[in-house]
Amino acid sequence: MTGQTVRIPAPCDCGALAVRQVNQFVERGELWWDAEFHCTACGAHLCEHAGQGAPPDAHWRPALLAANGPTHLRLTGPVPSLVPVLKTFRELTGAPLPEARRLAGELIGGGTTGTLAEMELLRTRLRHHGLQADLSPPE
Ligand SMILES: [Zn+2]
């Protein structure tokens, strides 16, 4: 399982500052997230939520990137045509064609960045379409 974790301060009902641990990972070929809440002051421990796809809280992805650093993915083999790259992004993100074209252009141009789980999933999907790519690990 490939994934990353970030611990984000979060207020607890008891008044203390607790910690929310957010995990993002790849499982069964999909992107997942889950979140746990733990307060050392009152002992509260909650497995809050888990789900498929992008994290629901807009702060979590930037927090994951800030804590772990971005992962860079670039194509290493020949790209015979734009089609497999476009297909990969369309399947993965459900993006409309202009957005898929922009993402494909970025990837072919010099690579793309994201969280480790996002890039690992992208690499796997690219491989399904016959494209080889490398990840550079977070610094
Ligand atoms: Zn508490």
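# A tour of the predicted model

Select Glu48 to begin: this residue is partly exposed, since its relative accessible area is 24%, which falls between the limits of 20% and 50% that separate buried from exposed. Please keep in mind throughout that the model on display is predicted.

## First stop: Glu48 and Arg20

Keep Glu48 selected and add Arg20. The two residues form a salt bridge, and their closest N and O atoms are 2.6 Å apart. This pair connects distant parts of the chain, for Glu48 belongs to strand S4 and Arg20 to strand S2, with their positions 28 residues apart in sequence. Arg20 is partly exposed, with a relative accessible area of 22%. A search of the whole structure finds seven salt bridges, and several others appear later in the tour.

## Second stop: the whole chain

Now select the entire protein and display it as a cartoon. How many helices and strands does the protein have? The secondary structure comes to four helices and seven strands. Followed along the sequence, these elements give the pattern β-β-β-β-α-β-α-α-β-α-β.

Display the C-alpha atoms next. Along the principal axes, they fill a box of roughly 60 × 30 × 25 Å. The protein has 139 residues, of which 37% count as buried. If a surface is drawn, the exposed area is about 7800 Å², and carbon and sulfur atoms supply 55% of that area. Consider also the contacts between residues at least 6 apart in sequence: 52% of them join residues at least 24 apart.

## Third stop: the zinc ion

Select the zinc ion and the side chains around it. Which protein atoms are its donors? They are the SG atoms of Cys12, Cys14, Cys39 and Cys42, which lie 2.3 to 2.4 Å from the ion. The angles among the four donor atoms are 106 to 114°, and the site is tetrahedral. For comparison, the ideal angle for four tetrahedral donors is 109.5 degrees. Along the chain, the donors follow the spacing C-x1-C-x24-C-x2-C.

Next, select Cys14 and Cys39 together. Cys14 is in the loop between strand S1 (2–11) and strand S2 (17–27), while Cys39 is in the loop between strand S3 (30–38) and strand S4 (45–52), so this pair ties together parts that are 25 residues apart in sequence. Is each of these two residues buried or exposed? Cys14 counts as partly exposed because its relative accessibility is 42%. Cys39, at 0% relative accessibility, counts as buried.

## Fourth stop: Arg28 and its partner

Move to Arg28, which is found in the loop between S2 and S3. This residue is exposed, as its relative accessible area is 65%. Its backbone deserves attention: phi of Arg28 is near 45°, a positive value in a residue other than glycine. In general, most residues other than glycine have a negative phi.

Add Glu27 to the selection. The side chains of Glu27 and Arg28 meet in a salt bridge, with a distance of 3.2 Å from N to O. Glu27 counts as partly exposed, because its relative accessibility is 29%.

## Fifth stop: from helix H1 to helix H4

Select Arg61 and Glu118. Their side chains meet in a salt bridge of 2.6 Å, N to O. Arg61 belongs to helix H1 (residues 60–68) and Glu118 to helix H4, so the pair ties together parts that are 57 residues apart in sequence. Arg61 is partly exposed, with a relative accessible area of 32%. Glu118 is buried, because its relative accessible area of 16% is under the limit of 20%.

Then select Glu99, Arg102 and Glu106, which are joined into one network by salt bridges that share partners.

Return to helix H4 (residues 116–128) and select Arg125, which lies within it. Arg125 is buried, with a relative accessible area of 12%. Which residues does Arg125 contact, leaving aside its neighbours within four places in sequence? Those residues are Gly29, Glu30, Thr88, Glu91 and Leu92.

## Last stop: a nonpolar patch

Finally, draw the surface again and select Val79, Leu82 and Ile108. These residues form a nonpolar patch on the surface, and together they have about 200 Å² of accessible area. Within this patch, centre the view on Leu82, which is placed in the loop between strand S5 (71–75) and helix H2 (83–93). Leu82 is partly exposed, as its relative accessible area is 32%.

Conventions:
Residues numbered from 1 in each chain as written. Predicted model: local features only at pLDDT ≥ 70, side-chain atom pairs only at ≥ 80, totals over all residues. Heavy atoms only, no water. Helix = DSSP H or I, 4+ residues; strand = E, 2+ residues; numbered from the N terminus. Buried < 20%, exposed > 50% of the residue type's maximum accessible area, 1.4 Å probe, protein only. Contact = heavy atoms within 4.5 Å. Patch = residues over 30% accessible without salt bridge, like charges linked within 9 Å, V, L, I, M, F, W, Y side chains within 5 Å. Areas by Shrake-Rupley, 256 points an atom, 1.4 Å probe, with all protein chains shown as cover. Salt bridge = Lys/Arg side-chain N within 4 Å of Asp/Glu carboxyl O. Donors = N, O, S within 2.8 Å, 3.2 Å for Na, K, Ca; no water. Tetrahedral: all angles 85-135°; square planar, octahedral: opposite > 155°, others 65-115°.
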